[in-house]
Amino acid sequence: MTDKPTRGRRSKIDLLPNEVKRLLDEMLRDSRNSQQDVLDAVNEYIDQLGLPDEIKPSRSGLNRYSSRMEAIGKDLRDVREVSQALVGQLGDKPTGEVSRLILEIGRTQLFKAMMTANEKEGDVDIGMIKDAMLAAQRLESAAMQSHKREKEIRKAFADEAAAVAETVAKKAGMTAETVSSIKKEILGIA
């Protein structure tokens with residue numbers, strides 16, 4: 001796949017109606033379908049919908065689209081695998097460290113994109129930088145909310161467990177001091 005600039009004209013596949021595009025994407029995701037099977041099914045569906053023949057994608061157009069989607073999918077799978085490996089190494093460390101890792105990956109990708117843009121065009125797109133920084137800000141905000149929610153869930157679980165332990169301990173005839181000690185241990189107040 002080449003990244004050569006085009007005239008900006010959208011491909012026939014990009015112009016397909018949503019329901020046809022959905023079928024196309026769904027069939028391409030299933031590796032059991034050959035490209036010819038996908039092309040035949042899409043063209044048959046276009047006929048069923050009564051759409052004009054002019055919108056039917058060509059074999060080469062489908063191949064270009066499929067190759068582009070596979071390259072994007074490969075990049076996403078690679079990022080997911082690396083992220084899972086790195087998060088696996090972090091284990092149960094605070095969410096903040098995972099957020100820092102994700103932000104660092106984002107910074108690295110932003111730097112690469114800016115360097116590529118600079119090499120190709122000589123200028124860096126300020127809009128891209130603004131969008132990337134806004135995305136980083138939103139990511140950090142989401143990470144903070146997730147961390148806060150995780151803490152709330154853990155506290156609610158500890159409260160519930162302490163209440164159950166207190167009830168069970170009282171029924172077992174334990175002293176108030178022992179019950180209080182167990183409850184404090186569960187809640188992490190010890």
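Which residue takes a positive phi just after H6? Here are some notes on that and on the rest of this predicted model, set out point by point.

1. **The end of H6.** The answer to the opening question is Gly-188, whose phi is about 75° and which comes just after H6. Helix H6 itself covers residues 176–187, twelve in number. From its first C-alpha to its last, H6 reaches 16 Å, close to the 16 Å expected at 1.5 Å a residue.

2. **Confidence.** A word on how far to trust what you see: the mean pLDDT of the protein chain is 77, with 75% of its residues at 70 or more. Helix H2, residues 35–48, has the highest confidence, with a mean of 92. Confidence is lowest in helix H4, residues 95–121, where the mean is 66.

3. **Overall make-up.** The protein chain holds six helices and zero strands, and along the sequence its pattern reads α-α-α-α-α-α. Of its 190 residues, 16% count as buried. Among contacts in the protein chain with a separation of 6 or more, 48% are between residues 24 or more positions apart.

4. **The second largest pocket.** This pocket has about 330 Å³ of space. Helix H1 (18–29) and helix H3 (59–90) each supply at least two residues of its lining, and H3 provides the largest share, nine residues. The lining includes Asp-25, Leu-28 and Arg-29, together with Tyr-65, Ser-66, Met-69 and Glu-70. Ile-72, Gly-73, Leu-76, Arg-77 and Arg-80 also belong to the lining of this pocket. Sorted by class, the lining residues are five nonpolar, two polar and five charged.

5. **Lys-12.** You will find Lys-12 in the segment before H1. Lys-12 counts as partly exposed because its relative accessibility is 45%, a value between the 20% and 50% cut-offs. Leaving out residues up to four places away in sequence, Lys-12 touches Glu-54, Ile-55, Lys-56 and Pro-57. There is also a link to the pocket described above: Tyr-65, one of the lining residues, has its C-alpha 9.9 Å from that of Lys-12, with the two positions 53 residues apart along the chain.

6. **Asn-43.** Is Asn-43 buried or exposed? Asn-43 counts as buried, because its relative accessibility is 16% and the cut-off for buried is under 20%. Asn-43 lies in helix H2, the helix with the highest mean confidence. Neighbours within four places in sequence aside, Asn-43 is in contact with Lys-56 and Pro-57. Lys-56 and Pro-57 are also among the residues that Lys-12 touches, which makes this a handy spot to look at with both residues on display.

7. **Arg-154.** Helix H5, residues 126–171, is where Arg-154 lies. Arg-154 is exposed because its relative accessible area is 55%, and the cut-off for exposed is over 50%. The C-alpha atoms of Arg-154 and Leu-187 are separated by 9.7 Å, although these residues are 33 apart along the chain. Leu-187 brings us back to the start of this note, as H6 covers residues 176–187 and Gly-188, with its positive phi, comes just after.

Terms used: Residues are numbered from 1 along each chain as its sequence is written. This is a predicted model: local features need pLDDT of at least 70, side-chain atom pairs count only at pLDDT 80 or more; totals for chains, interfaces and linings use all residues. Side-chain values use heavy atoms; hydrogens and water are left out. pLDDT is the predictor's confidence in each residue, from 0 to 100. Helices (H or I, at least four residues) and strands (E, at least two) are DSSP runs, numbered from the N terminus. The expected span of a helix is 1.5 Å times one less than its number of residues. On a 1 Å grid over the protein atoms alone, a cavity is a set of points where a 1.4 Å probe fits but cannot get out, and a pocket is an open set with protein on both sides within 12 Å along at least five of seven lines; lining residues have an atom within 4 Å of a point. Grid points are joined across faces, edges and corners, and a volume is the space filled by probe spheres set on the points. Ala, Val, Leu, Ile, Met, Phe, Trp, Tyr, Cys and Pro count as nonpolar, Asp, Glu, Lys and Arg as charged, and the others, Gly among them, as polar. Buried means under 20% relative accessible area, exposed over 50%, partly exposed in between (1.4 Å probe, protein chains only). Contact means heavy atoms within 4.5 Å.
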